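Here is my note on the model you sent round. Please read it with the structure open.

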Amino acid sequence: MTTAYLAADGFIDQLQEELRRAGAAVRRRHERLLICDGPPVGAAWAANIWHDCVELPVASVGAAAQALRAIQRNWAMYAPIHHRRANLVQERLPHVSARPIVFPAAAPTAPLGSWTPLAPDLLLAAQHCSSPFANGEVAFVEDKTGPPNRAYLKLWEALVRLGRWPGPGERCLDLGASPGGWTWVLARLGAEVLAVDKAPLDPTVAALAGVDWRGESAFALEPASVGPVDWLFSDIVCYPARLLRLVEKWRASGLVKNFVCTIKFQGATDHESAAAFAVLPGAQVQHLHHNKHELTFMLSTLSS
Ligand SMILES: C[S@@+](CC[C@H](N)C(=O)[O-])C[C@H]1O[C@@H](n2cnc3c(N)ncnc32)[C@H](O)[C@@H]1O
């Protein structure tokens, strides 16, 4: 069995190290794509995981398109080499819309395969991939006037990947909320938000209906002083191990239904802490397209 992992752009070293730790045997590196023997392993730094890859010998551009179409309709191309020839193949395949998403919206559900030219006469193709987006890249119709910064895009992406988001009547805790991109997203969805940050919110965000702000450290906040919350969000700049202790405290309180937190790395990537997040029951840890040197941790206590 062959599984291939497409590294998030700029994070091939992190993916290589993660696969090494998971014991996956990399047979070949094809630029950002690491082709491995064996079944899939958890890979947070992969933008997309290609399952059950097959090699297809193809004599011509037409034969390549025909071979892919015979497997399924929708294909995303990753072509670090033989780019022009690969484009000719992709042009002969049914068009797959890459139209930017208007948030909130569910991710596309149509199966999307991935393929790459290994040589002019040889393709690697995977019918099933982990991401519903071509090469894991998600584009949104941006709001250039509402939010105070671009951090909102990373939360939009996390919620689209989860396929769920807070709504009216739900209570959210936004830790490390300033200047308020995430709080803006949540308030716009009609949820009630308690924003916690020593720094104040942007006044336009602070004035939105349902938004409350506490000017204190998120680490000193006692769950009992907040009460039950449907969603706990954190975008605090802190070491991963400290965030993990914070998450553990809130999990132990039993007061939180869903977590969405950014695990931020300063300097070297702390692979051990990332793995400790990933093994929590019900957890997903993933490098989103809008993440920098950070991962997004998502956990629903309802699915654990
Ligand atoms: C990347 S910014 C958050 C951006 C925010 N999510 C947004 O959408 O605008 C990180 C925030 O973490 C806050 N922070 C750092 N240490 C904190 C702490 N102990 N408690 C609460 N917030 C903290 C910083 O003040 C900063 O505003």
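The points below go from the whole chain to single residues.

1. **Status and make-up.** This is a predicted model. The protein chain holds 9 helices and 16 strands. Its radius of gyration is 21 Å, close to the 19 Å that the globule rule gives for 304 residues, so the chain is as compact as a globular protein of that length. The C-alpha trace spans about 65 × 40 × 35 Å along its principal axes.

2. **Burial and contacts.** Of the 304 residues in the protein chain, 52% are buried. Take the contacts between residues at least 6 apart in sequence: 66% of these join residues at least 24 apart.

3. **Surface and charge.** The accessible surface of the protein chain is about 13,600 Å². Carbon and sulfur atoms account for 53% of that area. There are 28 positive and 28 negative side chains. The centres of the two sets lie 4 Å apart.

4. **Main core.** The largest nonpolar core has 45 residues. L15, L173, L175, W250, F259 and F297 have the most contacts inside this core. Helix α8 gives the largest share, 5 residues. Leaving aside residues up to four places away in sequence, L15 touches Y5, L6, A7, L34, A43, W45 and A46.

5. **Second core.** A separate core of 34 residues is also present. Its members include A107, V138, W156 and V211. W156 is also one of the buried residues of α4, which brings us to that helix.

6. **Helix α4.** How many of the residues of α4 are buried? The count is 11 of 11, for a helix that runs over residues 152–162. The charged side chains are no exception: K154, E157 and R161 are among the buried residues. Also on that list are Y152, L153, L155, A158, L159, V160 and L162. What do the buried residues of α4 pack against? Their partners are α5 (181–188), β13, β14 (256–264), β15 (283–286) and β16 (294–300). G163 follows the helix, and its phi is positive, near 80°.

7. **Helix α5.** This partner of α4 has 7 of its 8 residues buried, so α5 is largely enclosed by the rest of the structure. The buried set is G181, W182, T183, W184, V185, L186 and A187. After α5 comes G190, with a positive phi near 95°. Both α4 and α5 are thus worth viewing side by side.

8. **T2.** This residue lies in strand β1, residues 2–7. Is T2 buried or exposed? T2 is buried, because its relative accessible area is 14% and the cut-off for burial is under 20%. Not counting residues up to four places away in sequence, T2 touches R27, I35, C36, G38, W50, H51, D52 and C53.

9. **V237.** Where does V237 sit? Its place is the loop between β13 (229–234) and α8 (240–253). V237 is exposed, because its relative accessible area is 63% and exposed means over 50%. Beyond residues up to four places away in sequence, V237 touches K264 and Q266. V237 and I263 are 26 residues apart in sequence, yet their C-alpha atoms are 8.4 Å apart in space.

10. **Links between points.** Strand β13 comes up twice: the buried residues of α4 pack against β13, and β13 comes before the loop that holds V237. Helix α8 closes that loop and supplies 5 residues to the largest nonpolar core.

How values were computed:
Residues numbered from 1 in each chain as written. Predicted model: local features only at pLDDT ≥ 70, side-chain atom pairs only at ≥ 80, totals over all residues. Heavy atoms only, no water. Helix = DSSP H or I, 4+ residues; strand = E, 2+ residues; numbered from the N terminus. Rg over C-alpha atoms; globule rule 2.2 N^0.38 Å. Buried < 20%, exposed > 50% of the residue type's maximum accessible area, 1.4 Å probe, protein only. Contact = heavy atoms within 4.5 Å. Areas by Shrake-Rupley, 256 points an atom, 1.4 Å probe, with all protein chains shown as cover. Lys, Arg positive; Asp, Glu negative; His and termini not counted. Charge placed at Lys NZ, Arg CZ, Asp CG, Glu CD. Core = buried A, V, L, I, M, F, W, Y, C linked by side-chain atoms within 4.5 Å.
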